[in-house]
Amino acid sequence: MTPAWSHLDPARPCVVGHPLTCPRLQCAPCMPGQRCDGAGAATCAAGFYSDVVGGTACTPCAAGEFAAARGSAACLPCPAGTYAAAPGQAECTPCPEGTVSDVVGAATACLPTLAETYAAAVAGSDGSAGVTCQPGTFRDEQGQAACKVS
């Protein structure tokens, strides 16, 4: 990418979105994942993104999305079994035991499981899908994490 112009020419200072870069002392645009201001380029914090070249601000990820790494050019939707209720999240919150969310990109808290199901809470499971009680077992309370024996 060709720089806008050399900063060494005082008649043509760098334009907004194209800070002075070293070691060549030329104006160059900020890249996605960065914001440019009067002080130069800065990396977007986790939970924020910039998807344009020469951007002047980092945007918070929307509720239901996250950006785990600094310098993100985009946000990702929260996977099923998790949610992000507020904007600007670096990670999604897992559904608590006894709750479930099968929505990708959930922005609201997980819901209690229905009386005939319970949330799978085993290692390696995302806990997003309810499991029906086996014959001879039942659930009699909403949000109950396990089936009772009849």
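User: Quick one on Cys-30: buried or exposed?
Analyst: Cys-30 counts as buried, at 1% relative accessibility. The cut-off for buried is under 20% relative accessible area, so Cys-30 qualifies. Keep in mind that this is a predicted model.

User: Which residue does a disulfide join to Cys-30?
Analyst: Cys-36. The S to S distance in that disulfide is 1.5 Å.

User: And is Cys-36 buried or exposed?
Analyst: Cys-36 is buried, with a relative accessible area of 2%.

User: Right-handed or left-handed, that disulfide of Cys-30 and Cys-36?
Analyst: Right-handed, because the torsion about the S-S bond of Cys-30 and Cys-36 is about 140°.

User: How many disulfides does a search of the whole structure find?
Analyst: Five. Each such link is a covalent bond between the sulfur atoms of two cysteines.

User: Take Cys-44. Which cysteine does a disulfide join it to?
Analyst: Cys-44 is joined to Cys-58, with S to S at 2.0 Å. The torsion about their S-S bond is about -85°, so this disulfide is left-handed.

User: Where in the chain do Cys-44 and Cys-58 sit?
Analyst: They link distant parts of the chain and are 14 residues apart. Cys-44 is in the loop between β4 (40-43) and β5 (48-49). Cys-58 is in the loop between β5 and β6 (59-60).

User: Why does Cys-58 count as buried?
Analyst: Its relative accessibility is 18%. Buried means under 20%, so Cys-58 makes the cut-off. Its partner Cys-44 also counts as buried, at 1% relative accessibility.

User: Next pair. How far apart are the sulfur atoms of Cys-95 and Cys-110?
Analyst: 1.8 Å, and the two cysteines form a disulfide. The S-S torsion there is about -75°, so the disulfide is left-handed. This pair also links distant parts of the chain, with Cys-95 and Cys-110 15 residues apart. Cys-95 lies in the loop between β10 (93-94) and β11, whereas Cys-110 lies in the loop between β11 and β12.

User: Are Cys-95 and Cys-110 buried or exposed?
Analyst: Both are buried.

User: Switching to Asp-102. Which loop is it in?
Analyst: Asp-102 is in the loop between β11 (99-100) and β12 (111-112). Cys-110 is placed in the loop between β11 and β12 too.

User: Is Asp-102 exposed or buried?
Analyst: Exposed, with a relative accessible area of 63%. The cut-off for exposed is over 50%, so Asp-102 meets it.

User: How far apart in space are Asp-102 and Thr-82?
Analyst: 8.6 Å, C-alpha to C-alpha. In sequence, Asp-102 and Thr-82 are 20 residues apart.

User: Now the whole protein. How many helices and strands?
Analyst: Zero helices and 16 strands. Of the 150 residues in the protein, 29% are buried.

User: What does the accessible surface come to?
Analyst: About 8,600 Å², with 59% of that belonging to carbon and sulfur atoms.

User: And contacts between residues at least 6 apart in sequence: what share join residues at least 24 apart?
Analyst: 31% of them.

User: Last topic, confidence. What is the mean pLDDT of the protein?
Analyst: The mean is 74, and 61% of the residues reach 70 or more. Over residues 1-11 the pLDDT is below 50, and that stretch has 21 contacts in the model beyond near neighbours in sequence. Residues 115-129 are also below 50 in pLDDT. Beyond near neighbours in sequence, the 115-129 stretch has 40 contacts in the model.

How values were computed: Residues numbered from 1 in each chain as written. Predicted model: local features only at pLDDT ≥ 70, side-chain atom pairs only at ≥ 80, totals over all residues. Heavy atoms only, no water. Helix = DSSP H or I, 4+ residues; strand = E, 2+ residues; numbered from the N terminus. Buried < 20%, exposed > 50% of the residue type's maximum accessible area, 1.4 Å probe, protein only. Disulfide = S-S within 2.5 Å. pLDDT = per-residue confidence, 0-100. Contact = heavy atoms within 4.5 Å. Areas by Shrake-Rupley, 256 points an atom, 1.4 Å probe, with all protein chains shown as cover.
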